[in-house]
Amino acid sequence: MDSKLKNFSFTSESVGEGHPDKVCDRISDSIVDLFLGADPHSHVAVESLATTNRIIIAGEVRGPASITPELMEHAAREAVHDIGYAQKGFHYQWADVQIYVHAQSDDIAQGVDANESKDEGAGDQGIMFGYACNETPNFMPAPINYAHTILRHISEDRHAGKLPLLGPDSKSQVTLVYADGKPVRASRIVVSTQHDEKIDQNDVRELVRPYVMKALPEGWMCDEEFFYVNPTGRFVIGGPDGDTGLTGRKIIVDTYGGAAPHGGGAFSGKDPTKVDRSAAYMARYVAKNIVAAGICDRCTIQLSYAIGVSQPLSVYISTHGTSHVDDTKLVDIIRQLVDFSPRAIRERLQLNRAIYKKTSSFGHFGREPEDDGHFSWERLDLVAELKRAYNL
């Protein structure tokens with residue numbers, strides 16, 4: 001979002017765990033967890049494709065030989081089952097699963113691995129972004145935060161058996177009105193959800209309504225004429241049976257809903273030596289702590305890397321003119337407090353664990369950090385050091 005604009009509308013979308021692309025993200029991250037659970041130093045880069053009763057998994061790995069194609073197939077079927085697909089056109093038992101996974105290239109391995117003369121290098125070149133703002137308690141942009149929340153609450157009740165007539169595939173879209181730079185209400189809400197053929201459009205609308213009302217702050221609901229539920233009128237065929245899915249095709253949903261830049265690399269299917277994933281997590285961690293420390297209202301961080309090189313080529317931080325302190329030395333202070341090398345990122349955030357399945361739906365950011373290591377990049381344990389640095 002342009003920080004110079006004060007009055008505007010902004011829209012973000014989310015997709016549910018049963019969206020075809022998210023099914024593939026879940027499968028790919030299940031393979032990552034499978035390898036990291038067996039050996040925390042495994043290297044994994046896998047992609048998945050899903051269509052009508054067919055799943056294809058391809059990529060390269062370096063890990064224990066105990067992780068066989070049969071185990072990968074089982075992990076894929078378990079992922080589909082956990083999402084809730086036991087439908088005629090996409091069924092966790094009946095789908096044909098094909099595995100095309102081979103050993104990691106030696107050329108990549110020699111650039112990434114540490115040796116006597118160099119530290120571990122980045123797994124690829126690229127740019128990664130992190131962002132945080134004070135629009136919501138979890139330091140996320142409000143539109144994507146509420147879009148995620150609607151679908152997450154629907155999913156929780158669907159899994160609890162409270163919504164037996166709704167299916168796994170779903171999408172949401174939230175348009176918020178900003179006044180003086182702050183979100184004040186919703187002007188448009190869109191929710192599309194797969195449903196049983198026994199119920200009609202009005203039934204689906206009333207099933208969805210309380211979840212929208214619960215997600216939004218009181219008094220923020222849009223006018224009834226701009227509350228769109230299943231605008232096509234019917235959504236019975238869904239998931240990979242309705243539309244082919246691919247890993248990594250929802251990176252704007254995974255990040256900040258378009259409110260901030262994001263890098264070109266997807267997260268899912270990659271172990272944490274891939275800076276596409278780990279450096280994006282680190283950038284979010286630092287940006288969130290900067291905003292939480294009261295240094296600014298908004299913060300964007302960009303990191304850039306070259307394959308085989310341990311330290312980032314550049315570190316850029318912008319507070320978008322919202323800083324409450326002299327931020328001219330902010331980059332220097334951050335680089336004194338934080339090591340952005342791939343090895344240091346993995347160690348600080350403890351990323352070499354089987355913690356990635358949960359990230360595959362409802363966004364990688366704005367989640368609650370858990371004691372077992374899930375969403376460790378959402379911790380606020382850098383705040384005290386930042387406040388000391390600025391005498392706050």
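Which side chain meets Glu206 in a salt bridge? This tour of a predicted model returns to that pair after a view of the whole chain.

**Stop 1: the whole chain**

Display the backbone as a cartoon. The secondary structure comes to 10 helices and 13 strands. The radius of gyration is 21 Å, close to the 21 Å that the globule rule gives for 392 residues, so the protein is as compact as a globular protein of that length. Along the principal axes, the C-alpha atoms fill a box of roughly 65 × 55 × 30 Å. If the residues are coloured by accessibility, 56% of the 392 count as buried.

**Stop 2: Glu206 and its partner**

Select Glu206 and Arg209 and show their side chains. Arg209 is the partner asked for at the start: the side chains of Glu206 and Arg209 meet in a salt bridge, at 3.0 Å from N to O. Both belong to helix 5 (residues 201-215), and because they are three residues apart, they are separated by about one helical turn. In general, an α-helix has 3.6 residues a turn, so residues three or four places apart point the same way. Glu206 counts as partly exposed, with a relative accessibility of 44%.

**Stop 3: a pair within helix 9**

Move to helix 9 and select Glu347 and Arg343, whose side chains form a salt bridge at 3.2 Å, N to O. These two residues are four apart in the helix, and therefore about one helical turn separates them. Arg343 is partly exposed, its relative accessible area being 27%. Now extend the selection to Arg205, Glu206, Arg209 and Glu224, which salt bridges with shared partners join into one network. The count of salt bridges in the model comes to 21.

**Stop 4: a buried pair across the chain**

Which parts of the chain does the pair of Glu378 and Arg284 link? Select both residues; their side chains meet in a salt bridge at 2.9 Å, N to O. The pair links distant parts of the chain, with Glu378 in the loop between helix 9 (342-349) and helix 10 (383-390) and Arg284 in helix 7, 94 residues apart. Glu378 counts as buried because its relative accessibility is 1%, and Arg284 counts as buried at 0%.

**Stop 5: two residues with positive phi**

Remain in the loop between helix 9 and helix 10 and select Phe375, which is found there. Its phi is near 60°, a positive value in a residue other than glycine. Phe375 counts as buried, at 1% relative accessibility.

Next select Asp180, in the loop between strand 8 and strand 9 (182-195). Asp180 also has a positive phi, of about 55°, although it is not a glycine. Is Asp180 buried or exposed? Asp180 is exposed, with a relative accessible area of 58%.

**Stop 6: helix 4**

Select residues 142-159. At 1.5 Å a residue, the 18 residues of helix 4 should span 26 Å, and the end C-alpha atoms are 26 Å apart, which agrees. The helix is mostly covered, since 15 of its 18 residues are buried. Gly161 follows helix 4 and has a positive phi, near 85°.

**Stop 7: the second largest cavity**

Keep helix 4 in view and turn to the internal space. The count comes to two cavities of 30 Å³ or more. About 60 Å³ of space lies in the second largest cavity. Its lining includes Gly16, Glu17, Leu151, Ile154, Ser155 and Arg158. Helix 4 and strand 8 (166-179) are the elements that give two or more residues to this lining. The lining residues divide into four nonpolar, five polar and two charged.

**Stop 8: the largest cavity**

Which element gives the most to the lining of the largest cavity? Select strand 7 (126-133) and helix 7 (275-292), each of which supplies at least two residues of that lining. Strand 7 gives the most, with three residues. The largest cavity has a volume of about 70 Å³. To complete the selection, add the other lining residues, among them Ile251, Thr255, His262 and Phe267. The lining of the largest cavity divides into six nonpolar residues, five polar and one charged.

Notes: Residues numbered from 1 in each chain as written. Predicted model: local features only at pLDDT ≥ 70, side-chain atom pairs only at ≥ 80, totals over all residues. Heavy atoms only, no water. Expected span 1.5 Å × (residues − 1). Buried < 20%, exposed > 50% of the residue type's maximum accessible area, 1.4 Å probe, protein only. 1 Å grid on protein atoms, 1.4 Å probe; cavity = no way out; pocket = protein on both sides within 12 Å on 5 of 7 lines; lining within 4 Å. Points joined across faces, edges and corners; volume = space filled by probe spheres on them. Nonpolar A, V, L, I, M, F, W, Y, C, P; charged D, E, K, R; others polar. Salt bridge = Lys/Arg side-chain N within 4 Å of Asp/Glu carboxyl O. Rg over C-alpha atoms; globule rule 2.2 N^0.38 Å.
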